[in-house]
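Hi,

Here is the structure I promised to pass on to you. Have a look at it first, and then read on for my notes on what turned up.

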Amino acid sequence: MNVLPRRMDFLQMEEKWQRHWEEEGIHRYDWDDDTKPVYSIDTPPPYPSGDFHMGNFLNWTYFDVRARYMRMRGYNVLFPQGWDCHGLPTEVRVEKAKGIRKSDVPPDVFRRMCEEWIEQYIDVMKTAVIRMGCSVDWTTEYRTMEPEYMRKIQLSFLLLYEKDMIYKGEHPINWCPRCETAIADAEVEHETKRGRIYTIPFYTGDGEVLIATTRPVYLPACVALGVHPADERYSHLIGGKARVPVFGQEVPIIANDEVDPTFGTGAMMICTYGDKADVVAVARFNLPVVKLIDGRGILQPVADKYAGMPIAEGQEALVEDMREAGLIREEHELDQEVGLCWRCDTPIEVVTARQWFMRTISLTDKVVETAKRITWYPDWMRQRLIDWATGLDWDWVLSRQRVFATPVPAWYCKSCGRIRLARPEELPVDPKVTAIDDVCECGGTEFVPDTDVMDTWFDSSLTCAIHAGWPDKPNWRRQFPASVHPSGQDIIRTWAYYLMVRHLALFDETAYDSVLINGMVLGGDGRKMSKSLGNYVSTPEVFPKYGADAPRQWAAAGGSTGTDIPFRWEDVEYGWRFMRKLWNACRFTGMRLQDYDPGEGVEPRLLDRWIVSKLQRTVKKATEAMESCDFMNATETTRNFIWHIFCDHYLEAAKTRLYGDGDGKKAAQQTLLYTVERMIKLMAPITPHITEEIWRTMYDPDASIHVSAWPGYDESMVDEDAEKTGDVIIAAIGDIRREKNRMGVSLNASMKSVRLYAPDEYAEALRLGSTDIEDTLKIESLEIAAGVGGDVNLEDYPEIGFTVTL
Ligand SMILES: [Zn+2]
Ligand SMILES: [Zn+2]
């Protein structure tokens, strides 16, 4: 056995193992092995943002601890890594950086700008994932913008279309006028804003009806007036007509039990579309749709003299004119919930448009049923997916009017309009670039491309199957469903949900068997981490000071799984000090084992049985915690054992024996060899580098600790009597040592005599451990007297007292 060096540059050591692991390929998934059980991790491909912050660090620590643990449990672990490249954020950034709009340059040029941009960001993230010691199988790396990946996404589009799970239709959708694209419900952020509400007259044959609205600008698109059928103020008007102020169109007055008679005046205008309630009313009463705005949110000719203005400006001008004309009878401020674009914060408009949709509402029962059946860590997160799925009103709008995304693989016949979908062998394809050479059923030979692209969630919601090797690897189902989908609590409604509907629709099977949820990382002050609050910490600040193993301990132990955890430098420092402690203890062990000859085992002494029994309990507790993804307790249990039981007590108590000779020494040596091996394995998933260095130095230079077997719990080594007795002995040793120290005596100096007073129940224990006590404390004569007495009492056992004579 080799001895660890006294000084170790932990940072260099970590980078050495990261290179070494990659060279040895120990993290590669074995696609051909059918002897080991498979554990497949659905690593969410992150959206490269140019930063790897502590929230990312927390996620990847969870993924990696799980991966390493399962490998040690004998699983063939698939830990892939991809990058989710497409999407609005990059387009918006490129537009800003280059001072252009997407339509100012040809689409392929714009696409290349985006690709270059994202590539530098991937670099930053990948470097960080490696630097934190993630055991990713890099042979699986992919980018969702690669043709190979787009082929799979387009293929799934064709298959879902065949199954009638994808359709094109004219439906109301959320629209961002700045980004000029449809967006899904999941991308609308809801915020409460201060707005104004105006009371406005509508004219009926014999008078007027007042309505209250926050958006008079929608008057030109008003198609009806709704009142509650039981509202006596208005029941005589139902079936009649009302004339809209300023714009003059006549609209029917209809009975609608969705109208809240207590809100405003109790009469509501129905417009296309002020909000989602309008959408419901229009469908229910079969009302016409008036197009008020275009894709950029500009008012259309129906808005009369306001046409050509952006919607907000139009509202201001109209309200001003109405005030002057006495058409605003009342106005006041109120708080209202508004929907904003998740990317640019522009208020969302509801418009109807011809778009591609995936049927998701019809899958809701299946989603709920599946969510109930699979495992959630922690269990209470399950409800979030169920609530989200059951709260949705609309199918998933898939198409986006953007550039940097997977194109919809379709053309239309120029003469009859029929859809000509791409065929699987034609994929990947961008219809805007590749013309189709075909003859339509109508005889037409000219086709126009579909210019839409897909929601980027459509790229990233098929990873469970794609990681598994679908559609090309014949045995892809061995890796599918994913054993675990790890994710943040903030993206359950998107990631966990879209994965679920997508795989259910395609394969009629769950996407994943379990979900592992991490919370958010807060600043050290407990507030949301943000650059403006000055509490923002990112990995480039942490790695050069503390490397990976110390902050990994913070991530694993900072809070229970699924809860938000603050980033605390103190926790990282504690992890760093723990590493020093572990290092020194293992170095000492190595030195004391230089002359160890296992030969025939010897009878362990009481404290040997004591530590081994405590070790067994630690193995059991840590294993149970690891099994339930409770990384906090797995880390705390093991660190506590190593630091406060093994180092503070056992090593101290065994030192004298280890410096001596005979069976007592041998018993301590065999105990050390056994205990250190197991305790570093328990830490291996959490602190992979330092445990590897210790393992290869002391146990096996040729094979990694990370492919060794996780320690088994050996009940035959649990010895309750030894633990009880040992606890008393350890307490006596600790307190007598403290007293010795208090008296100003060097710890190595011997004491003439110590007299311990203890009631019978403890006296027996102390007698059994008398040799350990004498040896450890260098006591020439130890006397154990029954009964009470002594100058000092033990802290944890006040019934036991002692007197020291120097
Ligand atoms: Zn937007
Ligand atoms: Zn045709």
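**A pair of residues to start from**

A good place to begin is P486, which stands opposite L516 in strand β23. Please keep in mind throughout that this is a predicted model.

That pair belongs to a contact between β22 and β23 (residues 514-518), which run parallel to each other and share 4 bridges. Together with β15 they make an open sheet of 3 strands, ordered β15-β23-β22, with parallel pairing. β15 (375-377) and β22 (485-488) are the edge strands, and each of them pairs on one side only. From one strand to the next, the twist averages 20°. Helix α2 (residues 54-72) packs on this sheet and touches β15, β22 and β23, with a direction about 140° from that of β23.

**The sheet with mixed pairing**

There is also an open sheet of 4 strands, in the order β27-β26-β29-β28, and its pairing is mixed. At its edges are β27 (779-786) and β28 (792-793); each has a single partner strand, so one side of each has no neighbour in the sheet. Strand β26 (residues 751-758) runs parallel to β27, and 7 bridges join the two. One residue pair to look up here is Y757 with its bridge partner A785 in β27.

Which helices pack on this sheet? Helix α20 (residues 720-742) touches β26, β28 and β29 (801-805), and its direction makes about 40° with that of β29. Helix α21 (residues 760-768) touches β26 and β27, at about 145° to the direction of β26.

**Two zinc sites**

You may want to check the metal geometry yourself, so here are the values. The zinc ion (ligand 1) is coordinated by the SG atoms of C176, C179, C341 and C344, at 2.2 to 2.3 Å. Along the chain, these donors follow the spacing C-x2-C-x161-C-x2-C. What makes the arrangement tetrahedral? The 4 donor atoms subtend angles of 104 to 119° around the zinc ion (ligand 1), and four donors count as tetrahedral if all angles lie between 85 and 135 degrees. For reference, the ideal angle for four tetrahedral donors is 109.5 degrees. Among the donor residues, C341 is buried, with a relative accessible area of 0%.

The zinc ion (ligand 2) is held by C413, C416, C440 and C442, again through SG atoms, at 2.2 to 2.3 Å. Its site is tetrahedral, with angles of 105 to 114° among the 4 donor atoms. The spacing of the donors along the chain is C-x2-C-x23-C-x1-C. C413 lies in strand β18 (residues 410-413), while C442 is in the loop between β19 (419-421) and β20 (447-449), so this pair ties together parts that are 29 residues apart in sequence.

Are C413 and C442 buried or partly exposed? C413 counts as buried because its relative accessibility is 3%, under the 20% cut-off. C442, at 40% relative accessibility, counts as partly exposed.

**The protein as a whole**

Stepping back, the protein has 22 helices and 29 strands. Its C-alpha atoms fill a box of roughly 115 × 65 × 45 Å along the principal axes. The radius of gyration is 35 Å, whereas a compact globule of 806 residues would have one near 28 Å. Of the 806 residues, 58% count as buried. Among contacts between residues at least 6 apart in sequence, 78% join residues at least 24 apart.

Best wishes

Technical notes:
Residues numbered from 1 in each chain as written. Chains lettered and ligands numbered in written order. Predicted model: local features only at pLDDT ≥ 70, side-chain atom pairs only at ≥ 80, totals over all residues. Heavy atoms only, no water. Pairing = 2+ DSSP bridges. Axes fitted to C-alpha atoms, helices over the stretch in contact; angles between N-to-C directions. Contact = heavy atoms within 4.5 Å. Donors = N, O, S within 2.8 Å, 3.2 Å for Na, K, Ca; no water. Tetrahedral: all angles 85-135°; square planar, octahedral: opposite > 155°, others 65-115°. Buried < 20%, exposed > 50% of the residue type's maximum accessible area, 1.4 Å probe, protein only. Rg over C-alpha atoms; globule rule 2.2 N^0.38 Å.
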